[in-house]
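Student: I am new to this structure, and I would like to take a close look at one part of it. Could you guide me through the place where protein and RNA meet?

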Amino acid sequence: MQLSEQEIVRRENLQKIREMGIDPYPPEAWPINAYAAAIKANYQEEVLEDGTKNRLNYQDVCVAGRIMAQREAGKAMFMNIQDSTGQIQLYLRRNELAAGDPAGEQDFSFFDVLIKKLLDIGDFIGVKGYVFNTKTGETSIHVTELKLLAKALRPLPVVKKDAEGNVFDAFTDPELRYRMRYVDLIVNPEVKETFLKRTKMIASIRQFLNERGALEVDTPVLQAIPGGAAARPFITHHNALDIPLYLRIANELYLKRLIVGGFEWVYEFSRNFRNEGMDRTHNPEFTVLEFYTAYKDYFWMMETTEKMMEKVALDTCGTTDVQVGDKVLSFKAPFKRVSILEAIQEHTGIDVSGMDEAGLRDVCKKLHIAVDNSMGKGKLIDELFSEKAEKHYIQPTFITDYPVEMSPLTKRHRSKPGLVERFELMVNGKEVANAYTELNDPIDQRERFEEQARLMERGDDEAMFIDHDFLRAMEYGMPPMSGIGFGIDRLVMLFANQASIQEVLFFPQMRPEVF
RNA sequence: GAUCUCGUAGCUCAGUCGGUAGAGCAUUUGACUUUUAAUCAAAGGGUCCCGGGUUCGAGCCCCGGCGGGAUCACCA
């Protein structure tokens with residue numbers, strides 16, 4: 001391996017540390033009793049009449065962190081260390097860290113050699129000391145004891161910030177940031193914020209569901225029949241059984257089996273895998289929250305969804321008015337409801353309700369939407385909506401009542417022939433959730449699967465497989481229910497105001513690196 | 001998969017008309033006991049993504065490849 005000059009220096013420093021009798025990777029625990037952010041927020045001191053300071057708290061702190069900056073000032077030194085909560089400044093003095101009798105012979109090598117020469121940016125250290133404010137008002141730890149906790153052998157990008165908050169030499173190359181997310185997280189604090197928001201959002205959803213009595217469950221990731229969605233799966237092979245298995249594209253059919261089994265409300269944060277293109281809104285593995293609730297319909301689901309979204313916005317952003325790009329989105333319930341046919345009429349001026357396939361195809365051609373003969377009525381309506389209407393729904397809006405051809409798992413509409421009881425929640429011109437009154441008529445379900453099988457024979461590689469066990473479950477009796485799936489990564493993109501899915505996944509898929 | 005675009009020091013970036021490879025930070029050496037983008041003085045550091053071609057001469061021009069980003073297609 002070719003080492004850079006800085007890597008060679010650090011390896012030499014490591015050797016010198018060992019020669020000083022210091023273990024650069026000591027095993028003992030370090031007894032932390034304070035954190036950077038809390039110290040800076042809560043430290044108090046008062047200036048007495050004689051000008052001396054009375055320090056009120058944090059006079060015996062023990063912290064740990066990574067060295068992020070070093071400023072030598074002769075026989076003193078300043079460092080910034082970073083712990084999980086942020087950075088704090090350290091103040092170190094040569095004579096206070098010396099060995100031996102202050103009145104007689106003293107050994108200053110700990111400060112002169114270890115601290116000034118052998119410690120580098122990136123090293124983990126633990127320090128003990130007391131907190132004070134410097135002349136310039138910076139809350140700092142006056143260090144009385146320092147211990148090297150772990151030596152770093154590679155130089156970190158050094159990102160600097162001035163008093164006005166201008167950032168210099170930021171570590172910005174997306175390829176390096178995604179491949180070395182650990183470095184990204186160390187030097188770009190706002191990246192950490194995004195991921196903390198993601199965790200907060202998921203916790204908020206979990207709380208919303210749990211307090212209403214929903215049950216969190218786990219269902220198979222490896223499936224013999226990849227069902228519940230129209231997508232190309234990843235395929236793998238099980239050696240002991242000598243069978244092909246698929247990574248799940250959805251967990252819908254398993255959650256519905258659980259409703260058959262007698263649970264009334266189940267949910268799962270499902271990692272799904274789809275063998276399709278990648279771009280700034282698609283990663284091969286992604287997270288969907290699905291939940292299914294017995295004895296409910298899609299009207300109930302709309303109300304539940306808007307309540308949940310309102311809570312999630314409050315919990316993750318502190319407000320229902322969320323800034324996304326240059327827009328402010330209001331997640332205050334209730335949300336607008338528009339049927340897909342009304343939406344098309346509103347944005348094309350054409351009423352397509354009641355039109356047959358030929359009529360729809362003419363409308364598409366007139367509006368310069370590419371069509372081909374494989375497209376049925378449902379697909380044509382879907383094209384009209386996604387080409388002409390979808391992008392206009394910036395504020396959260398429920399688009400309802402889709403054509404039956406697009407929705408093989410959805411119950412037919414109670415009053416509108418040819419449509420199903422389905423909605424998608426559109427936010428910022430994109431779909432973030434998809435929900436139905438679920439189909440629970442096993443004979444209708446079997447026919448819908450058979451239609452999918454015909455599509456597959458015609459070469460549609462995204463058509464659904466027939467899942468005979470799922471049909472058997474439904475034949476045992478499935479209660480009426482409503483179900484929904486939320487694209488969690490896309491919700492995080494909204495609430496964290498990020499334009500790329502790679503910014504909300506710790507380790508987005510990349511081409512393998514060649515070493 | 002298609003098109004456009006980028007790849008130069010550890011990081012962020014300059015590099016003119018094709019003529020000896022540059023800066024800031026980081027690193028090394030020295031000064032400085034309340035600094036904070038610390039400062040001051042000096043020094044070292046390069047497979048210019050890889051492979052071909054044109055040329056007396058290529059970081060720069062041409063061809064091919066690898067990797068990233070953006071747009072589009074498919075999808076959530």
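Student: Which atom of RNA strand B lies 2.4 Å from a polar side-chain atom of glutamine 89?

Tutor: In this predicted model, the atom of RNA strand B that lies 2.4 Å from a polar side-chain atom of glutamine 89 is a base oxygen. A base oxygen of the strand also takes part in a contact with lysine 135, where the partner, 2.8 Å away, is a polar atom of the backbone. With arginine 511 the strand offers a phosphate oxygen instead, and this oxygen is 3.0 Å from an N or O atom in the arginine side chain. Several elements give two or more residues to the surface near RNA strand B, namely α1 (5-19), β3 (61-73), β4 (76-83), β5 (86-93), β10 (160-161) and α4 (174-179). Among these elements, α4 provides the largest share, which is five residues.

If you now look at the surroundings as a whole, you will find 55 residues around RNA strand B, and those that come nearest are Glu5, Lys135, Thr136, His282 and Arg490. Sorted by class, this surface has 24 charged residues, together with 17 nonpolar and 14 polar ones. On the side of the strand, sugar or phosphate accounts for 54% of the atoms within 4 Å of the protein, while the rest belong to bases.

The backbone of the protein also deserves a careful look at a few points. Most residues other than glycine have a negative phi, and most peptide bonds are trans. Aspartate 169, although it is not a glycine, has a positive phi of about 55 degrees, and you can find this residue in the loop between β11 (167-168) and α4. Aspartate 169 counts as exposed because its relative accessibility is 62%, and the cut-off for that word is over 50%. Asparagine 497 is not a glycine either, and it too has a positive phi of about 55 degrees; its place is in the segment after α14 (488-495). Because the relative accessibility of asparagine 497 is 36%, this residue counts as partly exposed. Finally, a cis peptide bond, with omega at about 0 degrees, joins alanine 333 and proline 334, and proline 334 has its place in the loop between β19 (327-330) and β20 (336-339).

Technical notes. Residues numbered from 1 in each chain as written. Chains lettered and ligands numbered in written order. Predicted model: local features only at pLDDT ≥ 70, side-chain atom pairs only at ≥ 80, totals over all residues. Heavy atoms only, no water. Near = heavy atom within 4 Å. Polar contact = N/O pair within 3.5 Å; in protein donor to acceptor, adjacent residues only side chain to side chain. Helix = DSSP H or I, 4+ residues; strand = E, 2+ residues; numbered from the N terminus. Nonpolar A, V, L, I, M, F, W, Y, C, P; charged D, E, K, R; others polar. Buried < 20%, exposed > 50% of the residue type's maximum accessible area, 1.4 Å probe, protein only.
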